[in-house]
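Here are a few exercises to help you find your way around a new structure. Have a go at each task yourself before you read the solution.

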Amino acid sequence: MTALLFGIIHTWLVVGFAPLITGVVRLTKARLQGRRGATVLQPYRDLWRLLKKESVVADSASWMFRLAPYGIFVAVWLAATTMPTFTTYMILTPAADLIALVALLATARFFTALAGLDVGTAFGGLGASREMFVASIAEPAMLTVTFSLSLVAHTTSPAAIANFVLGGHVGLQVSFGLALGALVMVAIAENGRIPIDNPATHLELTMVHEAMVLEYSGRHLALLEAAGMTRLLLYMSVIVCLFFPWGLAGPESGPGGLLIGLFAWLGKVLVMAVGLGLFESLIAKMRVFRVADFLGGALLLALLATIFLYVAEAV
Amino acid sequence: MPTTQMAYDTAHLIGATVLMMGFALLYQRRVTAVIRTYSFQAMALAAAAAWQAYVQEAPHLYVTALIALVFKGVIVPLALTWLVKRLGMHRTVETALGIGPTMIAGVGLVALSIVLVLPVTAGATSMTRENLALAMSVLLLGLLMMITRRNAVTQVVGFMALENGLILAAVGARGMPFVVEISIAFSVLVAMILFGIFFFRIRERFDSLDLAYLETFRGERQ
């Protein structure tokens with residue numbers, strides 16, 4: 001019963017905080033660029049404004065175009081509900097593991113690409129093609145990270161991996177460090193952040209994600225934006241849960257433990273949001289053809305993590 | 001004295017950092033970035049040597065660490081940067097093989113060195129074995145860099161990275177005489193000076209540092 005309650009709280013927590021995190025990233029970037037920037041609450045207002053607006057759909061659009069935003073949002077939201085944030089004691093946590101997470105996110109990406117292709121504009125097609133190109137390397141890298149983690153912890157469930165890390169069996173493991181590096185690179189690519197894609201523009205020839213959703217407006221666009229924000233928070237939560245789970249509450253923790261878990265998670269995620277803003281300000285966007293090298297690097301790190309695991313076992 | 005597990009984990013971590021820098025060398029596309037990465041690798045190497053000095057309680061290894069830090073972490077990169085500026089080189093790295101295939105070959109080499117080192121050193125302690133496997137990988141990556149880069153300066157960085165692998169192997173092995181380490185360190189410095197002279201000579205002759213010209217060169221025809 002409590003698991004159900006925590007599950008419901010968590011479900012709304014993730015969606016509720018996602019715009020705030022995006023707001024923090026934007027504010028950090030604005031401050032570093034010498035602008036005052038909008039408040040961290042601006043993404044909420046943007047979403048509210050979009051929800052109230054009329055949705056304009058192109059004449060050439062099929063039912064796919066209307067359906068896609070809902071499919072994308074549901075897939076990302078579902079993925080987010082299975083990922084422990086403040087407690088591992090949730091009803092949906094045992095239902096899905098990291099591989100299911102990758103699959104859900106891939107489903108969302110598939111719908112995004114279809115929606116980009118559906119209207120038949122040049123930008124949509126270009127964006128869809130590039131998104132698939134990025135995904136074709138990012139996904140194996142993500143899966144390899146999953147495999148190397150599960151080789152250590154003997155499970156693919158994020159909650160169990162978090163408990164394993166909390167149990168102090170890990171120490172200063174090289175493989176964990178390498179897997180963390182790979183996961184961060186994948187997260188950057190999957191969320192369309194600089195240096196892979198620029199999230200702050202609609203007017204660039206090299207845009208990827210924005211190119212696919214260029215035709216959307218009104219509530220459809222609001223759903224897509226919310227899905228994007230939730231995905232960012234989800235990836236941060238994955239990193240926090242797998243690599244820095246300290247403070248995470250378990251089934252036996254009382255209200256104090258839960259509060260600690262909540263604030264620990266929020267604090268870690270906020271630090272990551274500021275860090276992301278800092279990173280994006282320091283680095284320049286890559287040429288599209290270098291993306292393969294970047295993600296190849298992620299895949300390589302994940303592979304090395306696995307290789308080192310075998311070494312540690314053989315020695 | 002730290003516990004064995006912690007000594008092992010930290011040595012492993014620092015060694016892996018040196019190896020990562022080896023991969024970063026292959027990944028970089030600008031000559032200045034290559035030199036900077038090399039400097040980081042040398043600093044990681046210095047940390048590895050210092051840690052080994054602490055764990056093995058061998059004070060002379062602190063000297064090795066200091067040499068690595070000062071010469072390879074600071075002086076050689078500065079000298080190389082000066083050379084690059086002086087020679088007015090292209091800032092991009094010219095590769096004989098693309099970055100992606102090079103990285104894949106690099107992973108293959110790491111696997112190869114692990115497969116080679118682990119059975120051979122069956123009697124040694126786990127820390128030494130791991131360290132040797134890592135050092136061997138760094139060495140092979142340095143060789144790979146020398147093979148796949150066309151420009152003389154990047155090839156020299158590859159050579160220096162290879163030598164970092166040697167030092168990493170030397171500091172991990174107990175009882176390596178200090179004289180050997182010192183002489184390696186200084187021979188590298190001498191090599192650096194010789195390379196510097198060679199750069200100027202090569203450029204004087206061919207107006208370029210691309211070694212492809214050397215392949216067809218058959219001496220001065222009278």
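**Exercise 1: The build of chain B**

Read along its sequence, chain B goes α-α-α-α-α-α-α-α. Keep in mind that this is a predicted model.

Task: work out what the secondary structure of chain B comes to, and how its radius of gyration compares with the globule rule.

Solution. Start with the elements: chain B has eight helices and zero strands. Next, take the radius of gyration, which is 18 Å, close to the 17 Å that the globule rule gives for 222 residues, so chain B is as compact as a globular protein of that length. For its dimensions, the C-alpha trace of chain B spans about 65 × 35 × 30 Å along its principal axes. Then look inside: 41% of the 222 residues in chain B are buried. Finally, take the contacts in chain B with a separation of 6 or more; residues 24 or more positions apart account for 72% of them.

**Exercise 2: Two helices that cross**

Task: find how the axes of α4 and α5 in chain B are arranged, and which residues meet there.

Solution. First locate the pair: α4 of chain B covers residues 99-120 and α5 of chain B covers residues 126-148. Their axes come within 8 Å and cross at roughly 145°. As for handedness, α4(B) passes α5(B) in a right-handed crossing. Now pick out the residues. On the α4(B) side they include B:Leu109, B:Val110 and B:Ile114, and on the α5(B) side they include B:Leu132, B:Met136 and B:Leu140. Sorted by class, this contact has 13 nonpolar, five polar and one charged residues.

**Exercise 3: Where the chains touch**

Task: find how many residues of chain B are in contact with chain A, and which helices of chain B supply them.

Solution. Begin with the count: 20 residues of chain B are in contact with 16 residues of chain A. Then trace the chain B side back to its helices: α1 (4-27), α4 and α5 each supply at least two of its residues. Last, sort that side by class, which gives 12 nonpolar, five polar and three charged residues.

**Exercise 4: Chain A and the core**

Task: describe the build of chain A, then find which residues touch the most other members of the largest nonpolar core.

Solution. Chain A has 11 helices and zero strands. Its radius of gyration is 19 Å, close to the 20 Å from the globule rule for 315 residues, so chain A is as compact as a globular protein of that length. Buried residues make up 49% of chain A's 315 residues. On to the core: it has 160 residues, and A:Ala141 and A:Ala182 touch the most other members. Helix α9 (residues 218-243) of chain A gives the largest share of this core, 16 residues. Leaving out residues up to four places away in sequence, A:Ala141 touches A:Ala182, A:Val186, A:Leu295, A:Ala298, A:Leu299 and A:Ala302.

**Exercise 5: Two backbone oddities**

Task: find where the cis peptide bond to A:Pro195 sits, and decide whether A:His154 is buried or exposed.

Solution. The cis bond joins A:Ile194 and A:Pro195, with omega about 10°. A:Pro195 lies in the loop between α7 (174-190) and α8 (209-212) of chain A. Turn to A:His154, which has a positive phi of about 60° although it is not a glycine. A:His154 sits in the loop between α5 (122-153) and α6 (158-166) of chain A. Now count neighbours: 9 other C-beta atoms lie within 10 Å of A:His154. A residue with 12 or fewer is exposed, so A:His154 is exposed.

Note on methods. Residues numbered from 1 in each chain as written. Chains lettered and ligands numbered in written order. Predicted model: local features only at pLDDT ≥ 70, side-chain atom pairs only at ≥ 80, totals over all residues. Axes fitted to C-alpha atoms, helices over the stretch in contact; angles between N-to-C directions. Helix = DSSP H or I, 4+ residues; strand = E, 2+ residues; numbered from the N terminus. Left-handed = near helix turned anticlockwise from the far one by under 90°. Contact = placed C-beta atoms within 7 Å. Nonpolar A, V, L, I, M, F, W, Y, C, P; charged D, E, K, R; others polar. Rg over C-alpha atoms; globule rule 2.2 N^0.38 Å. Buried ≥ 20, exposed ≤ 12 C-beta atoms within 10 Å, placed from the backbone. Core = buried A, V, L, I, M, F, W, Y, C linked by C-beta atoms within 7 Å.
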